[in-house]
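Trainee: Could you take me through one part of this model up close? I'd like to follow the contacts outward from a single residue and see where they lead.

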Amino acid sequence: MHLIDTPENTPADEITFDDFRKVDIRIGTVLEAAPLEGARKPAIRMQIDFGPGVGVKKSSAQVTVHYSPDELVGKQVAAVVNFPPRQIGKFMSEVLTLGFADTEGAIIMFSPDKPVPNGARLA
């Protein structure tokens, strides 16, 4: 899934704090990464360790402009872990890895600038 808004767009509709708490955003460490074969747009498939509460989950991301699979291994990334799995070609993505579009629309992964424990939830 790839949703891109431009910076000049106004904010989305207001939600409550309880609505926000329903979105479970966690930090995980990429264990494995490889090109996603058969994808319509170039993407990378990843195995991400979210710690003992969530475990290891699969995700794909269209991040090939800024990242190679090798440089993603060991990187900590943020993901929504409570969306239902989504079929992407022959690949089942279990979490939505988060990122932001650069000025050209290419995705830059959302990642902490200092190490945090796998499974840490957005606070």
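Mentor: Let's start from Met109, which touches Met46, Val63, Tyr67, Leu72, Lys75, Val77, Thr97, Leu98 and Gly99, leaving aside residues up to four places away in sequence. Keep in mind that this is a predicted model. Met109 also belongs to the largest nonpolar core, a set of 17 residues, and is one of those that touch the most other members, along with Val30, Met46, Phe50, Val63 and Leu72. Strands β1, β2 (44-49), β4 and β9 each put at least two residues into this core, and β2 gives the largest share, three residues.

Now pick up Val77 from the contacts of Met109 and move along β4. This strand covers residues 76-80, and five of its five residues are buried. In general, side chains in a regular strand alternate between the two faces of the sheet. Here, Gln76, Ala78 and Val80 point one way, Val77 and Ala79 point the other way, and all are buried.

What does β4 pair with? On one hand there is β1, joined to β4 by five bridges and running antiparallel to it. On the other there is β7 (residues 96-97), also antiparallel to β4, with two bridges between them. Ala79 shows up in both pairings: Arg26 stands opposite Ala79, and Ala79 in turn stands opposite Thr97 in β7. Thr97, you'll recall, is among the residues that Met109 touches.

That brings us to Arg26, which sits in strand β1 (residues 25-35). Is Arg26 buried or exposed? Its relative accessibility is 19%, and the cut-off for buried is under 20%, so Arg26 counts as buried. As for polar partners, the side chain of Arg26 makes a polar contact with the side chain of Asp24 at 2.7 Å, and the Arg26 side chain also reaches the backbone oxygen of Gly119 at 3.2 Å. Beyond residues up to four places away in sequence, Arg26 touches Phe50, Val54, Val77, Ala78, Ala79, Val81, Gly119, Ala120 and Arg121. Two names there are familiar: Phe50 is among the best-connected core residues, touching the most other members, and Val77 is also touched by Met109.

While you have the model open, have a look at the aromatics too. The structure holds two aromatic pairs. In one of them, the ring centres of Phe17 and Phe20 are 6.1 Å apart and the planes meet at 40°, so this pair is tilted. Phe17 and Phe20 are three residues apart in helix α1 (residues 17-21), which separates them by about one helical turn. Phe17 counts as exposed at 58% relative accessibility, while Phe20 is partly exposed at 31%. The other pair is Phe100 and Phe110, with centres 5.6 Å apart and planes at 70°, so this one is edge-to-face. Phe100 lies in strand β8 (residues 99-101) and Phe110 in the segment after β9 (107-109), 10 residues apart. Phe100 is exposed, with a relative accessible area of 54%, and Phe110 is partly exposed at 36%.

One last aromatic to check is Phe91: the charged end of Lys58 sits over the ring of Phe91, 5.6 Å from its centre.

How values were computed
Residues numbered from 1 in each chain as written. Predicted model: local features only at pLDDT ≥ 70, side-chain atom pairs only at ≥ 80, totals over all residues. Heavy atoms only, no water. Helix = DSSP H or I, 4+ residues; strand = E, 2+ residues; numbered from the N terminus. Buried < 20%, exposed > 50% of the residue type's maximum accessible area, 1.4 Å probe, protein only. Polar contact = N/O pair within 3.5 Å; in protein donor to acceptor, adjacent residues only side chain to side chain. Contact = heavy atoms within 4.5 Å. Pairing = 2+ DSSP bridges. Phe/Tyr/Trp six-rings, centres within 6.5 Å; stacked < 30°, edge-to-face > 60°. Lys NZ or Arg CZ within 6 Å of the ring centre and 35° of its normal. Core = buried A, V, L, I, M, F, W, Y, C linked by side-chain atoms within 4.5 Å.
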